[in-house]
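Biologist: Could you take me through one part of this protein slowly, as if I had never looked at a model before? I'd like a close look at the second largest pocket, and then at whatever else helps me place it.

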Amino acid sequence: MAAKSANLYARIEPDVKEQAESILSALGIPASNAINIFYKQIILQRGLPFEVKIPSARPVDMSTLSEAEMNAELEKGYADMTAGRTKPAKTVFANIRKDYNL
């Protein structure tokens, strides 16, 4: 194993750093190890180890919708609910807390 002697300095948003380090801590991985893993994956993949693109579906900004558009969005939600494609919010939040040790 090569000696770790190179330093990396980067500026990131404090909230992003806090959230990422909280998750890494829950996983038992120091931030420096996670960065080393990331760099190794860049080398192995010969690029970023994930797809970087603008999502095709953006979240709906309800404040910009007309009444007809709002009704259409509500109809979509109702259709998902009646088809069983939803989970209770209580279950979703419980899973998030469990997955991220919150």
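Modeller: Here is a walk from the whole chain to the pocket, then to some rings and a few single residues.

Before anything else, keep in mind that this is a predicted model. Let's start with the overall picture. The protein has 4 helices and 0 strands, so the pattern along the sequence reads α-α-α-α, with a helix counted as a DSSP run of at least four residues. How does its radius of gyration compare with that of a compact globule of 102 residues? The globule would come out near 13 Å, but the protein has 20 Å. The box around the C-alpha atoms tells you about the outline too: it is roughly 60 × 30 × 25 Å along the principal axes. Only a small slice of the chain is hidden, if you go by the figure of 2% of the 102 residues counted as buried. As for the outside, the accessible surface comes to about 9,600 Å², and carbon and sulfur atoms account for 58% of that.

Now to the pocket you asked about. The second largest pocket holds about 380 Å³ of space. Two elements each give two or more residues to its lining, namely α1 (14-27) and α2 (31-45). Which of the elements gives the largest share of the lining? That is α1, with 5 residues. If you want to find the place on your screen, pick out some of the lining residues: among them are Leu-8, Tyr-9, Ala-10 and Ile-12. Further along the sequence you can add Val-16, Lys-17, Ala-20, Glu-21 and Leu-24 to your selection, and then Ala-31, Ala-34 and Ile-35. What kind of residues are these? The lining divides into 10 nonpolar and 2 charged residues, with no polar ones. Lys-17 and Glu-21 are in the lining, and they count as charged because Lys and Glu belong to that class.

Stay with α2 for a moment, as it also takes part in some ring contacts. The model has 2 aromatic pairs. One of them joins Phe-38 and Tyr-39, with 6.2 Å from centre to centre and 65 degrees between the planes. That pair is edge-to-face because its angle is over 60 degrees. The other partner of Phe-38 is Phe-50: here the centres are 6.2 Å apart and the planes are at 20 degrees, so the pair is stacked. This second pair links distant parts of the chain, since Phe-38 sits in helix α2 and Phe-50 in the loop between α2 and α3 (67-82), 12 residues apart. Taken together, Phe-38, Tyr-39 and Phe-50 form one aromatic cluster.

Are these rings' residues buried, exposed or partly exposed? Phe-38 has a relative accessible area of 32%, so it is partly exposed. Tyr-39 is at 42%, which makes it partly exposed as well. Phe-50, at 47%, also counts as partly exposed.

The loop that carries Phe-50 has another residue to look at. Arg-46 is in the loop between α2 and α3, and its phi is near 55 degrees, a positive value in a residue other than glycine. Why point that out? Because most residues other than glycine have a negative phi. With 78% relative accessibility, Arg-46 counts as exposed. Asn-101 is a similar case: it has a positive phi of about 50 degrees although it is not a glycine. You'll find Asn-101 in the segment after α4, and its relative accessible area of 56% makes it exposed.

Finally, here are two distances to try with your viewer. Lys-4 belongs to the segment before α1, and it is exposed at 58% relative accessibility. How far apart are the C-alpha atoms of Lys-4 and Asn-36? They are 32 residues apart along the chain and separated by 9.5 Å. For the second distance, go to Ala-83 in the loop between α3 and α4 (89-99); at 46% relative accessibility, Ala-83 counts as partly exposed. From Ala-83 to Pro-14 the gap is 69 residues in sequence and 41 Å in space, C-alpha to C-alpha.

Key
Residues are numbered from 1 along each chain as its sequence is written. This is a predicted model: local features need pLDDT of at least 70, side-chain atom pairs count only at pLDDT 80 or more; totals for chains, interfaces and linings use all residues. Side-chain values use heavy atoms; hydrogens and water are left out. On a 1 Å grid over the protein atoms alone, a cavity is a set of points where a 1.4 Å probe fits but cannot get out, and a pocket is an open set with protein on both sides within 12 Å along at least five of seven lines; lining residues have an atom within 4 Å of a point. Grid points are joined across faces, edges and corners, and a volume is the space filled by probe spheres set on the points. The radius of gyration is taken over C-alpha atoms; the globule rule is 2.2 Å times the number of residues to the power 0.38. Buried means under 20% relative accessible area, exposed over 50%, partly exposed in between (1.4 Å probe, protein chains only). Accessible areas come from the Shrake-Rupley method with a 1.4 Å probe; for residues, only the protein chains shown count as cover. Rings of Phe, Tyr and Trp (its six-membered ring) pair if their centres lie within 6.5 Å; planes under 30 degrees apart count as stacked, over 60 as edge-to-face and the rest as tilted.
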